[in-house]
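Visitor: I should like to understand the terms used for this structure. Could you take me through the reasoning behind them?

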Amino acid sequence: MVKRTDWKTVGMPEQTANFVIYREFTDSEMEYIKEGHRPQEMEDKWFMYYEDGKLFIHRSWTGYCIYIIDFAQKGRLDVTVNRDPEQYKENRIENDEDMVNIRINMLIKNNAENAELMKRYLARKNNGDSVE
């Protein structure tokens, strides 16, 4: 199980936004989420750990906390997202929703819908929307 102390991390800044994703997980999927993710190579840009009912998602190179996902309510993910422009340039909730779902799908080893999510994400980026 990955722990906060396994990687350099920087806490969530004061500048944040919040949104909700409605999604349920099986017990085995929750076990995968609780395992977290430690990058194995330079191209892997995310470090994730589960602590006190929340999944913390950090950029691996900087340690900046980008997302905190609260699993307190079954079927409801309360997401806090970094909005400090010095740490994270994204400013569209739709892009963050897709990125959170992609990261979670990776953890639970269910990448089937990730291609479609990434396609939507990149389409918004190609239309000139702000994306890091």
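The exchange below concerns a predicted model.

Visitor: Why is Gln 15 called partly exposed?

Guide: Gln 15 has a relative accessible area of 42%. Buried means under 20% and exposed means over 50%. The value of 42% falls in between, and therefore Gln 15 is called partly exposed.

Visitor: Where does Gln 15 lie, and which residues is Gln 15 in contact with, leaving aside its neighbours within four places in sequence?

Guide: Gln 15 is found in the segment before β1. Once the neighbours within four places in sequence are left aside, its contacts are Val 81, Asn 82, Arg 83, Asp 84 and Pro 85. Gln 15 and Val 81 are 66 residues apart along the chain, and their C-alpha atoms are separated by 8.7 Å. The word contact is applied because heavy atoms lie within 4.5 Å; the 8.7 Å refers to the C-alpha atoms.

Visitor: What makes β1 and β5 a pair of strands?

Guide: Strands pair if at least two bridges are found between them. β1 and β5 have seven bridges, in the antiparallel sense, so the criterion of at least two is met. In one of these bridges, Tyr 22 has Arg 76 of β5 as its partner.

Visitor: How do you know that β4 and β5 pair as well?

Guide: Five bridges join β4 to β5, and the requirement is at least two; the two strands therefore pair, and they run antiparallel. Tyr 67 has Val 81 in β5 as its bridge partner. The hairpin of β4 and β5 has two residues between the strands, and Gly 75 takes a positive phi near 85° there.

Visitor: What makes a set of residues the largest nonpolar core, and which have the most contacts inside it?

Guide: The members must be buried residues of the nonpolar kinds, joined through side-chain atoms within 4.5 Å. The largest such core has 25 residues, and Ile 33, Leu 55, Tyr 67, Ile 69, Phe 71 and Ile 104 have the most contacts inside it. At least two residues of this core come from each of β1, α1, β2, β3, β4, β5 and α2. Another core, of six residues, lies apart from it and includes Val 2 and Cys 65.

Visitor: How do the residues lining the second largest pocket divide, and why is Gly 75 counted as polar?

Guide: The lining divides into five nonpolar, three polar and five charged residues. Gly 75 is among those closest to the centre of this pocket. Gly belongs with the polar residues by the convention used, so Gly 75 is counted as polar.

Terms used
Residues are numbered from 1 along each chain as its sequence is written. This is a predicted model: local features need pLDDT of at least 70, side-chain atom pairs count only at pLDDT 80 or more; totals for chains, interfaces and linings use all residues. Side-chain values use heavy atoms; hydrogens and water are left out. Buried means under 20% relative accessible area, exposed over 50%, partly exposed in between (1.4 Å probe, protein chains only). On a 1 Å grid over the protein atoms alone, a cavity is a set of points where a 1.4 Å probe fits but cannot get out, and a pocket is an open set with protein on both sides within 12 Å along at least five of seven lines; lining residues have an atom within 4 Å of a point.
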